[in-house]
Protein chains: 6
Amino acid sequence: MRPSLRPADSLRTIQLTRGYTKHAEGSVLVEFGDTKVICTASVEENVPGFLKGKGQGWVTAEYGMLPRSTGSRMRREAAAGKQSGRTQEIQRLIGRSLRAVVDLKKLGERQILIDCDVIQADGGTRTASITGAFVALHDAISGLLQQGKLAESPIRDFVAAVSVGVYQGQPVLDLDYLEDSGCETDMNVVMTGAGRFVEVQGTAEGEPFSEDEMQQMMALAKQGIAELVARQKQALGL
Amino acid sequence: MRPSLRPADSLRTIQLTRGYTKHAEGSVLVEFGDTKVICTASVEENVPGFLKGKGQGWVTAEYGMLPRSTGSRMRREAAAGKQSGRTQEIQRLIGRSLRAVVDLKKLGERQILIDCDVIQADGGTRTASITGAFVALHDAISGLLQQGKLAESPIRDFVAAVSVGVYQGQPVLDLDYLEDSGCETDMNVVMTGAGRFVEVQGTAEGEPFSEDEMQQMMALAKQGIAELVARQKQALGL
Amino acid sequence: MRPSLRPADSLRTIQLTRGYTKHAEGSVLVEFGDTKVICTASVEENVPGFLKGKGQGWVTAEYGMLPRSTGSRMRREAAAGKQSGRTQEIQRLIGRSLRAVVDLKKLGERQILIDCDVIQADGGTRTASITGAFVALHDAISGLLQQGKLAESPIRDFVAAVSVGVYQGQPVLDLDYLEDSGCETDMNVVMTGAGRFVEVQGTAEGEPFSEDEMQQMMALAKQGIAELVARQKQALGL
Amino acid sequence: MRPSLRPADSLRTIQLTRGYTKHAEGSVLVEFGDTKVICTASVEENVPGFLKGKGQGWVTAEYGMLPRSTGSRMRREAAAGKQSGRTQEIQRLIGRSLRAVVDLKKLGERQILIDCDVIQADGGTRTASITGAFVALHDAISGLLQQGKLAESPIRDFVAAVSVGVYQGQPVLDLDYLEDSGCETDMNVVMTGAGRFVEVQGTAEGEPFSEDEMQQMMALAKQGIAELVARQKQALGL
Amino acid sequence: MRPSLRPADSLRTIQLTRGYTKHAEGSVLVEFGDTKVICTASVEENVPGFLKGKGQGWVTAEYGMLPRSTGSRMRREAAAGKQSGRTQEIQRLIGRSLRAVVDLKKLGERQILIDCDVIQADGGTRTASITGAFVALHDAISGLLQQGKLAESPIRDFVAAVSVGVYQGQPVLDLDYLEDSGCETDMNVVMTGAGRFVEVQGTAEGEPFSEDEMQQMMALAKQGIAELVARQKQALGL
Amino acid sequence: MRPSLRPADSLRTIQLTRGYTKHAEGSVLVEFGDTKVICTASVEENVPGFLKGKGQGWVTAEYGMLPRSTGSRMRREAAAGKQSGRTQEIQRLIGRSLRAVVDLKKLGERQILIDCDVIQADGGTRTASITGAFVALHDAISGLLQQGKLAESPIRDFVAAVSVGVYQGQPVLDLDYLEDSGCETDMNVVMTGAGRFVEVQGTAEGEPFSEDEMQQMMALAKQGIAELVARQKQALGL
């Protein structure tokens, strides 16, 4: 029995609220149960130095947690003077995941900066971030299409993410904080709408996992992501 | 005529939403019109080094803005590796303002850390932060009283803040971003429920201001803060 | 009775020594009693990035304290790797105060960098800095006029600063360190030669202050600044 | 045909040279073809703050590259003043991988710090690091056993790592730099001697990958790691 | 002919002004011609971590330059967020030089922190710093003797420093900025009152120097330092 | 008797292994006994900002130590976020020493970056670094000559370095770690093939040294450097 009492293959309540704040070209509040992340997409008409004059665009991401998004207060990274290794790992993952479904040449010489800021954390902040960030990105690109700055959408597919794990010997989907802290294995999976893998990151927290457990986790992830993509489509009215 | 069309002595719509996030001992979403700030109060059973063994507590604050809380995206301070001078000035102001109404000896050897994170900015983020942070602090202290950790409340009075300015020669109350960018003088005033001053910070952005303008701004601030304290009481059910 | 034995409305001995060091375009040692600050003005024929091509100049300031300018040694900020919030607050204040009396368009596309370095501290370092920095700035601009780089002075008025406070219930002028540490309220006031306000920054260190105390402090500040401007004129031979 | 002309399932030449430098408790030069990494294990009779008094030990890792270990010179991280996100990701991975096969309780209240420094890079530096670091860790622990500081080895299994990928549609084992830069998918797999997974990190650099490709890559990784563990045993004379 | 018109073996005008600022236990303004440095000695009743409980004291130094102590303004190190390599080299040299003449055991478990801050630079700031710092250190130690905190002086000898160089083929003593920028070789020599060497640091800026030039520079340095030690004694009334 | 049992005027076993790693334009493993340093030379077709358009090149150096190159593990500078004062002193010394024998005008508008990374330390890492770096630099320049990018070698002379010291009253050559920690005086000497001085840096660790000791140390250094230059020529096949 999971602490959340959910069946092994059940997602938490998923909410995607578009237009959450007013300034950004895309702004989404994503909720995976009690995990809440503000995802914004900002369009800038320039590219990083390493892409100048290459005829392509860029999508990148930054991630942060409000100090008291967590059970006990974390030190503010701006006050500490640096981003932790965990923060950098997550923001690199979000950026790669989104770039996997964007045709950067079609985006033109501009960049879209994604900001994912966790206002309440209860496990799965990186998977919620990717899932919400895709919707914010989609809105920012719709804006570019409407303004005639893009003739054709550079978005090639949907992308969403979910965590799976082995909790007390049982493969389960979409772990909350209690489950995540107690599980033997934690795996984050990022997949496209077409069911192909963008990222697979599995870590044995305790006991190393078997090939069989790996297979079962992959199957749960596949099903969960299909549901998340359906929620993204619904939120976008597609 | 103000860009906001408000009368000169009129506040924006004020909202104070308690219990906005679930982990913090106090958590308030404060809205001054389109300015929205999450204020949390975290209780820690320790004090900073310089107060160890002095038999008193501490209240301090940190402030941040989400990168896209503003019209154009600001650099994330955690990525830049330091907090700007403006950020430090604001968080020092919030801390001083709250300490002015707390009896630190009665608080005992513990500290309350306030985090004010702007999720949408439209002028007056520091005054909204102080006004919201007081309510979060009040909730955190109520919790300590309920748990029996405090026998008596260390809160001596209410405290709230508002901006006043001279816009096109006219003293006005509670400036939004458009008014703030265009005004000659900007003054932030922090006052107690009893109508005494905690902080007065007036800056001539353009033309230096006269004693007469100063008097009129002070009168507007006094009235505005009385209204804000009334809203705090209402939100707290007092 | 003030610790300094001065009457409530009396400044400390004020000295303004021009040409204190030989390299800077303006170089002034300012003394407010035992508080001693070296203020230099450096002219650079360029402007910060955000002003490039805007047809105007800039005046900015940096502030520092020698580690043993104080009673007990402070950590050197260069060794600590960052400037404290207090330092940043003060240097921003000095810069704003000077810009308030300079016509930046008339200055042309150049900047004047003010450095205020405290060699001995006894209260009021920020007000002494502003008062001395104006004289250094005036000398730097006189140099530009003499060299024919400026046809007309961009200086629109004098500017000086003084602290006022409430010490044991009594409003007093120009607090030294002992008075400053013991006072209930501390207010720094920056005014022009014409008697208009540039900055007012009042802080209740202990008990919040009343409107009446505010009025009395403002009156003392006004008188003190008139005296300081007279000393600036005398030092400049005007 | 792979650029390296190796068959799809073939590792590069693997060398594990123990006792490579003289000061460390374990010191190994690991070579995966032209990739060369010095792995040292340092024993310290203390634990990080968060483990004080918990009756267990710790294993952690740091990773670096000599500036000219690569084709064009990289900026020295010590001069840049910070470690890149990539560096932090890799050193966290090395630490987790080793901890997965160490019984931290049996290690006692001491820590083993692993340093992996790349002196020549040709792809796969993180997998070579993990594979070599295990041997250095083993030597350090043998020393503790010989000195009687440990009664029983805390090592529960072997651990090694290898990269797999999809190169021009073909799943291949142990990619060198040329193959890595040109591949569609790159996956790093960390497994134990018993054939269980510790980490799986797969990233689609170009086209997202299918479940079938995933299966084939996993099979190659399994075979490669079995060979690497055999080489570790041989090097250790076990 | 030297730019300064001084004979080859002539020092600049040397001034040592004790009691220059009021807070420090020792405070000296040292002038070598137009080079002016404030040297303070601060006594602290503790030692750095690596000396805790070792029954000895410590003497260390920090060095800085006011931004406009030089012909063109230098970036403030506190604003840059770090001390340059040159600054660190100089402050390490000052510390070593002073420790060479102090019996650290006799000093007891306390440290003396020297701060050398250049207010006007014209070549030779490090040699002026050492020469002035010794006098400030002497005053701080006299204070400890007078207060009965030390029974016996830990000072074993005098120490002073001077630069020598080869300017247009001619060995010269105590180079000013113009001479220093134009010389082929620059050597800083630190010697005791007894005429023994503490530090010799010679650098060929242009052409490497011969043994013969080396001998001549050493002779000049020896003579110059004897004069500087005489000036220190005179300043201290010894 | 020296701890190393070597005669007073005897170098350790010297090895210079060219082509040690494959990517750099020059790559040398230098060994002075148990001290082992990888020296690489990287050619870049640009110059630092301060030399842009001046028609000359630049040679500069960086230095680092692997954390466990030493008896007890040192903190990794990249993790600490800054290079120590010692590191900066050494890398500045290496750069100056090499520039002393290179005609920077003949090098053209390009720079050669030297990296010296200590993989095993046993005293004399800076002198080994200079001696090895010269050989790496020579190889990089030979490459430029072979590629026709340079018509004439900008190398004007050989340069090598050695330490000398006074150990138990006896001047000795090329100190290892044990000798270095126990000596009264430590002097690093950098000389050209023609026997002229580039740098002399002598420090009294304990008792200040006499002129006579200075002379003897200089004579030992001269002899040692002649031997090192012979080894450089042999390694380069000259």
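These questions and answers concern a predicted model, mainly the interface of chain A and chain B.

Q: How many residues does chain B give to its contact with chain A?
A: The contact draws on both chains, and chain A supplies 37 residues. From chain B the number is 37 residues.

Q: What area is buried between chain A and chain B?
A: Carbon and sulfur atoms give 47% of the area buried between chain A and chain B. On the side of chain A, His23(A), Arg68(A) and Arg73(A) lose the most area to chain B, together 25% of what that side buries. The area buried between the two chains is about 2,900 Å².

Q: Which residue of chain A meets the side chain of Arg76(B) in a salt bridge?
A: Between chain A and chain B the count is 14 salt bridges. In one of them the N to O distance is 2.9 Å, and the side chain of Arg76(B) takes part. The residue of chain A in that salt bridge is Asp117(A).

Q: Which element gives the largest share of the side of chain A that touches chain B?
A: Across this interface 25 residue pairs are in polar contact. The elements that give two or more residues to the side of chain A are β3 (35–44), β4 (58–65), α1 (77–80) and β5 (111–120). The largest share is six residues, and the element that gives them is β5(A).

Q: How many charged residues are on the side of chain A that touches chain B?
A: Sorted by class, that side has 13 nonpolar and eleven polar residues. The number of charged residues is 13.

Q: What kind of axis relates the copies chain A and chain B?
A: Chain A superposes on chain B with an RMSD of 0.0 Å after a rotation of 180°. The shift along the axis is 0.0 Å, so the two copies are related as by a two-fold rotation axis. The same surface serves both copies, since 100% of the contact residues of chain A recur in chain B. The axis is thus as a two-fold rotation axis.

Q: Is Thr185(D) buried or exposed?
A: Thr185(D) lies in strand β8 (residues 185–192) of chain D. Beyond its neighbours within four places in sequence, its contacts include Val164(D), Val166(D), Phe209(D) and Met217(D). Its relative accessible area is 1%; the cut-off for buried is under 20%, so Thr185(D) is buried.

Q: How far apart are the closest C-alpha atoms of chain B and chain F?
A: No contact joins chain A and chain E, whose closest C-alpha atoms lie 12 Å apart. Chain B and chain F are likewise joined by no contact. Their closest C-alpha atoms lie apart by 12 Å.

Notes
Residues numbered from 1 in each chain as written. Chains lettered and ligands numbered in written order. Predicted model: local features only at pLDDT ≥ 70, side-chain atom pairs only at ≥ 80, totals over all residues. Heavy atoms only, no water. Contact = heavy atoms within 4.5 Å. Buried area = accessible area lost by both parts, 1.4 Å probe. Salt bridge = Lys/Arg side-chain N within 4 Å of Asp/Glu carboxyl O. Polar contact = N/O pair within 3.5 Å; in protein donor to acceptor, adjacent residues only side chain to side chain. Helix = DSSP H or I, 4+ residues; strand = E, 2+ residues; numbered from the N terminus. Nonpolar A, V, L, I, M, F, W, Y, C, P; charged D, E, K, R; others polar. Least-squares fit on C-alpha atoms with pLDDT ≥ 70 in both. Buried < 20%, exposed > 50% of the residue type's maximum accessible area, 1.4 Å probe, protein only.
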